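This report describes selected local and core features of a protein model. The structure is shown first, and the discussion follows it.

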Amino acid sequence: MRGDVSIAIVAPAKPEDYFDLLWQGVWEATFDLGCFGVQVRNITTGHCDLDGQRQILSQLFYEGIDAVAVLPAHGAALNDLIGEFELRGTPVVTFQSDAPESARSAFVGPDSFQAGVLAGEVLAKLMSGRGRVASFPGPLEHHHLAQRYKGLRTELASRGCSSVEMIGELDVTADGIYVGDERLAEVAASLEERGVRVPCVGFSNTEDVRPFLANQTVSAVIDEHRYQQGYLAVQKAYEAVLKREHGGRVTGVQIPSAIVIGGNASDAGESAIGAFEMLVRQRTEVLLSYKQRLERANAELLNLSITDPLTGLLNRRKFEETLDSEVARAKRYEPMSVLMIDLNFFKAINDRYGHPAGDEALRTVAGTLTSCCRATDFCARIGGDEFAVILPHTDRPGARAVCDRIAGQMGRTRTMAGGKELSISLSVGIATLPDDAENAEALIAAADSAMYRAKEASRRVA
């Protein structure tokens with residue numbers, strides 16, 4: 001996984017009084033998750049601006065975004081774009097207003113149906129369980145508004161009350177008022193202007209509503225904790241990225257609604273703050289755990305990509321990358337040397353004792369090289385029975401000393417094959433920069449030539 005994760009948050013900015021808390025949650029989450037390398041792009045749209053959201057999401061296809069959290073402007077109208085993101089491997093989290101038939105990874109927000117049930121319960125109690133409710137549910141093509149209204153009607157029906165959806169003028173003969181969208185202050189002002197005092201319940205716990213709560217024109221507000229929705233939308237989007245790279249799926253977060261009644265309007269949700277802070281800490285710990293697991297998995301993958309699986313030494317690709325880097329460094333500072341190493345009579349070991357014995361011989365050589373070299377040296381198996389060692393800051397006498405140390409330890413080392421102890425001998429060639437070569441390719445060629453001369457000499461002795 002890359003070090004940085006880019007998340008796009010797409011939601012309305014106006015009316016500010018309603019959405020400011022939501023964006024405050026987004027900003028707080030951005031700050032808290034910054035230590036994980038999370039970068040958040042805040043993209044604002046007009047209220048219920050479906051065309052604007054479609055244009056923004058279409059543009060995000062080509063901008064390398066890792067996850068998207070979006071407050072859908074309209075029911076199922078974004079389902080095709082959400083599905084396209086998911087098909088491309090980019091998780092989408094919907095929040096506040098859901099798109100349940102889409103392929104979105106998770107939804108963060110209240111249970112809108114239960115929030116409507118809660119509104120119906122409050123209204124029914126304030127009306128003493130009887131009467132007719134004039135309802136301003138808002139545009140019912142919005143999933144969360146439709147679910148709120150469905151919950152309200154279900155609860156009122158169970159208590160013997162009825163709800164009538166209002167399209168235009170306020171019905172002053174109603175026994176109760178329900179406002180399902182952000183128009184609560186507007187409806188409350190109309191009630192106050194007409195001198196109508198009936199139970200009135202809505203969903204907009206905003207600054208312009210609180211005076212009406214204080215004077216009881218508005219009886220109660222169902223608060224769906226917009227701050228928490230903004231915060232957890234970012235956190236869930238990041239978790240979706242982590243889980244997708246880890247092979248898992250993210251689940252949604254259901255945020256409980258709270259009732260705000262007159263006198264506690266300014267303290268709305270205070271009782272839930274401690275619980276929410278605990279939830280944030282717990283979820284941050286979960287994210288940290290996923291991140292650590294991913295980092296360990298990625299480290300293992302990286303190790304596999306640069307390591308020879310039999311010996312645990314560097315593989316040829318990593319050896320060549322390292323050699324290029326060390327040669328560039330040596331040209332600026334001190335000399336360096338390379339050892340090219342080949343086992344003598346390795347084919348005979350394989351032919352006589354089998355490949356398991358040959359593998360054990362290779363592991364024995366690898367162990368010897370590692371023990372005889374410094375922590376700053378680079379030991380590699382570059383193929384078959386060929387090994388190489390990069391010796392930074394090492395001149396020819398220094399490289400010769402390492403060769404002698406390797407030869408001495410190999411002379412004392414035995415490997416088991418077919419129940420017998422076998423000795424292993426090596427042919428080693430040395431090349432030093434700048435004495436023998438001026439670049440990596442020439443350095444390898446010089447060390448190879450020296451190694452083959454050493455091998456021919458050992459065969460003549462044998």
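Ser-427 is located in strand E18, which covers residues 426-433. In this predicted model, Ser-427 has a relative accessibility of 1% and is therefore buried, the cut-off being under 20%. The side chain of Ser-427 forms a polar contact of 2.6 Å with that of Asn-344. Beyond its neighbours within four places in sequence, Ser-427 is in contact with Met-340, Ile-341, Asp-342 and Asn-344, and also with Met-451, Ala-454, Lys-455 and Ser-458. The last residue of E18 is Leu-433, and the peptide bond from Leu-433 to Pro-434 is cis, with omega near 15 degrees. Pro-434 itself belongs to the loop between E18 and helix H14 (440-461).

A second cis peptide bond runs from Lys-14 to Pro-15, with omega near 5 degrees. Pro-15 is placed in the loop between E1 and H1. Most peptide bonds are trans, and most residues other than glycine have a negative phi. Positive phi values nevertheless occur here at Gln-96, at His-393 and at Ser-128, which follows helix H4. The table sets out backbone angles for these sites.

| Site | Backbone feature | Value |
|---|---|---|
| Lys-14 to Pro-15 | cis peptide bond | omega near 5 degrees |
| Leu-433 to Pro-434 | cis peptide bond | omega near 15 degrees |
| Gln-96 | positive phi | near 65 degrees |
| His-393 | positive phi | about 55 degrees |
| Ser-128 | positive phi | near 60 degrees |

Gln-96 and His-393 can be set side by side. Gln-96 lies in the loop between E4 and E5, whereas His-393 lies in the loop between strand E15 (386-391) and helix H13 (396-411). The relative accessible area of Gln-96 is 2%, so this residue is buried. His-393, at 47%, is partly exposed.

Helix H4 (residues 112-126) contains 15 residues, and at 1.5 Å a residue these should span 21 Å; the end C-alpha atoms are 21 Å apart, so the expected and modelled spans agree. Which residues of H4 are buried? They are Ser-112, Ala-115, Gly-116, Val-117, Leu-118, Ala-119, Gly-120, Val-122, Leu-123 and Ala-124. The cover over these buried residues includes helix H5 (143-158) together with strands E6 (132-136), E8 (176-179), E9 (200-202), E10 (220-223) and E12 (258-261).

Leu-81, in helix H3 (residues 79-87), offers another buried site, because its relative accessible area is 7%. Not counting residues up to four places away in sequence, Leu-81 touches Arg-54, Leu-57, Ser-58 and Phe-61. Between Leu-81 and Val-92, which are 11 residues apart along the chain, the C-alpha separation is 9.8 Å.

On a wider scale, nonpolar side chains tend to be buried together in soluble globular proteins. The largest nonpolar core of this model has 33 residues, and those with the most contacts inside it are Ile-7, Ile-9, Leu-22, Phe-95 and Tyr-238. Two or more residues of this core come from each of strands E1 (5-12), E2 (38-45), E3 (67-70), E4 (92-95) and E5 (106-109), as well as from helices H1 (16-33) and H8 (226-246). H8 gives the largest share, 9 residues. Apart from this core lies another, of 24 residues, including Phe-346, Phe-387, Ala-399 and Ile-406.

Definitions and conventions
Residues numbered from 1 in each chain as written. Predicted model: local features only at pLDDT ≥ 70, side-chain atom pairs only at ≥ 80, totals over all residues. Heavy atoms only, no water. Core = buried A, V, L, I, M, F, W, Y, C linked by side-chain atoms within 4.5 Å. Buried < 20%, exposed > 50% of the residue type's maximum accessible area, 1.4 Å probe, protein only. Helix = DSSP H or I, 4+ residues; strand = E, 2+ residues; numbered from the N terminus. Contact = heavy atoms within 4.5 Å. Polar contact = N/O pair within 3.5 Å; in protein donor to acceptor, adjacent residues only side chain to side chain. Expected span 1.5 Å × (residues − 1).
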